[in-house]
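Visitor: I would like to learn how to read burial and strand pairing in a model. Please show me the structure to work from.

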Amino acid sequence: MADMLKNTCSVDLVGLKKLENRSCPLSDDVLVEIISHLPAKAFFKLLPVCKTFRQLTLDSHFLLSQSYYNNTISGFIVHSDNILNSIILIDPYAGVPSSSLKFITDTESIFLGSAGGLVFVLNQKYERFDATTTGICVYNPARGTRCWLPSPPGECTPGGIAVRFMNDEDGVMKDYKLVYVTQTSGLSISHHCRVYDSVARAWTVDKELDLGHQQLDLEDPVVCGDAVFWLSSDLKSYSRIGPYVVTFDVREECTQIIPLPSETVIDFFALFGIAKWEGKSLCLIHYSSFSGVIGLWPLKKTSDGTLEWVKMHEISLAQMGFTGEPCFVNHVKLIEVATTTLLVFITYDSMYSYNVKDGGALKCQDCWGFPYSHNFIPYSNTLRPCGDREERLEAI
């Protein structure tokens, strides 16, 4: 087993002090603050410069600060049938070591979700005397590290992970609550919910939830404050039950079903998605195959406290500059990058991104080799620690 990594509270900035005496008038704290704004890939390029930068890779406060400043979406995790296949990066400054990604994809694991630069999988944990137990493992592909969580109550089965990161007085996201939801076996569609609290280092909730009568896209949740949102996966107009979004309040442990706007469900071949809007509220993404128009519907709270969808944008493929053959869109995503918002849609062979706020040219990225059946989950390329008992991957 790999050696455990040590989290330190401070760093001996000997190398930086030498630089300061020669040409840099900035204090150690200011230098570290500046470095924490660098993307993971750019930071790793500094490691050969001096011992100080290598020490920062073991400093938990620095790693969390870098994660806080670089929490926007930098790419997508590609998986099919709960098996992680690859990561497509749309941010040129992001990067994942090929050895790290190969280790995760070669491991017999079931993909559960991604949040804050961490990837959550369900796989076999080898114990003494060659016995095995199934558990949840947390990976950071950028750093090549992992951490096992305590075994959740009940049976571990494929499902989804949602993470509610908490803030401390410095604004750095440190502790979190992890919501692990699976569909229970049987004829009726019900869901088993377990909540892990990183402060208590224990699973504090173990209960059945009423999340409606449709299957949910559990692997692609949206977290806004204390609320976790999932989109129902059976969205065809012939369904006896209309499509909806369901929310689970982590603090109150209650659920609510929110029907989609009636005008978005009349298209038999419509595509839907959900995302965070302006960093604080939920947004519905609707693509009409008939009109070639993508609509954005933020979820607002009215004066009487009820929730309603408000149409904010309608953008046609032609308006975005798509002038090719008829476009068969497989997925629609909305991601926040730096100070802007990108609308991303994926065809059978390419990924396109469009700046919603500023307009601009339509950008294309090749996606050959990933058929319609693959799912694309947002991924953030950060240095976030996996947990208190973090270890390096054997293959790194």
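Guide: Begin with burial: a residue counts as buried when its relative accessible area is under 20%. Keep in mind that this is a predicted model.

Visitor: Which residues of α5 are buried?

Guide: They are Ser60, Phe62, Leu63, Leu64, Ser65, Gln66 and Ser67. That makes seven of the 10 residues in helix α5 (residues 60-69), so the helix is mostly covered by the definition above.

Visitor: What covers the buried residues of α5?

Guide: The cover includes α2 (28-35), α3 (40-44) and α4 (51-56), along with strand β8 (173-183). At the start of α5 there is also a polar detail: a side-chain oxygen of Asp59 comes within 3.3 Å of the backbone nitrogen of His61.

Visitor: Now the strands. How should I read a sheet?

Guide: Strands of a sheet pair through backbone hydrogen bonds, in either a parallel or an antiparallel sense. Here, one open sheet has three strands in the order β2-β1-β24, with antiparallel pairing. Its edge strands, β2 (83-89) and β24 (375-379), each pair on one side only. From one strand to the next, the twist averages 30°.

Visitor: How many bridges pair β1 with β2?

Guide: Six bridges pair β1 (residues 75-80) with β2. Within that pairing, Ile77 has Ile87 of β2 as its bridge partner.

Visitor: Which way do the residues of β6 point?

Guide: In β6 (residues 145-148), Thr145 and Cys147 point one way, Arg146 and Trp148 the other, and all are buried. Strand β6 runs antiparallel to β25 (residues 391-392), joined by two bridges, and Arg146 stands opposite Glu391 of β25.

How values were computed
Residues are numbered from 1 along each chain as its sequence is written. This is a predicted model: local features need pLDDT of at least 70, side-chain atom pairs count only at pLDDT 80 or more; totals for chains, interfaces and linings use all residues. Side-chain values use heavy atoms; hydrogens and water are left out. Buried means under 20% relative accessible area, exposed over 50%, partly exposed in between (1.4 Å probe, protein chains only). Helices (H or I, at least four residues) and strands (E, at least two) are DSSP runs, numbered from the N terminus. Contact means heavy atoms within 4.5 Å. A polar contact is a pair of N or O atoms within 3.5 Å; within protein, one must be able to donate a hydrogen and the other to accept it, and residues adjacent in sequence count only if both atoms are side-chain atoms. Two strands pair if DSSP finds at least two bridges between them. Axes are lines fitted to C-alpha atoms, for helices over the stretch in contact, and angles run from 0 to 180 degrees between N-to-C directions.
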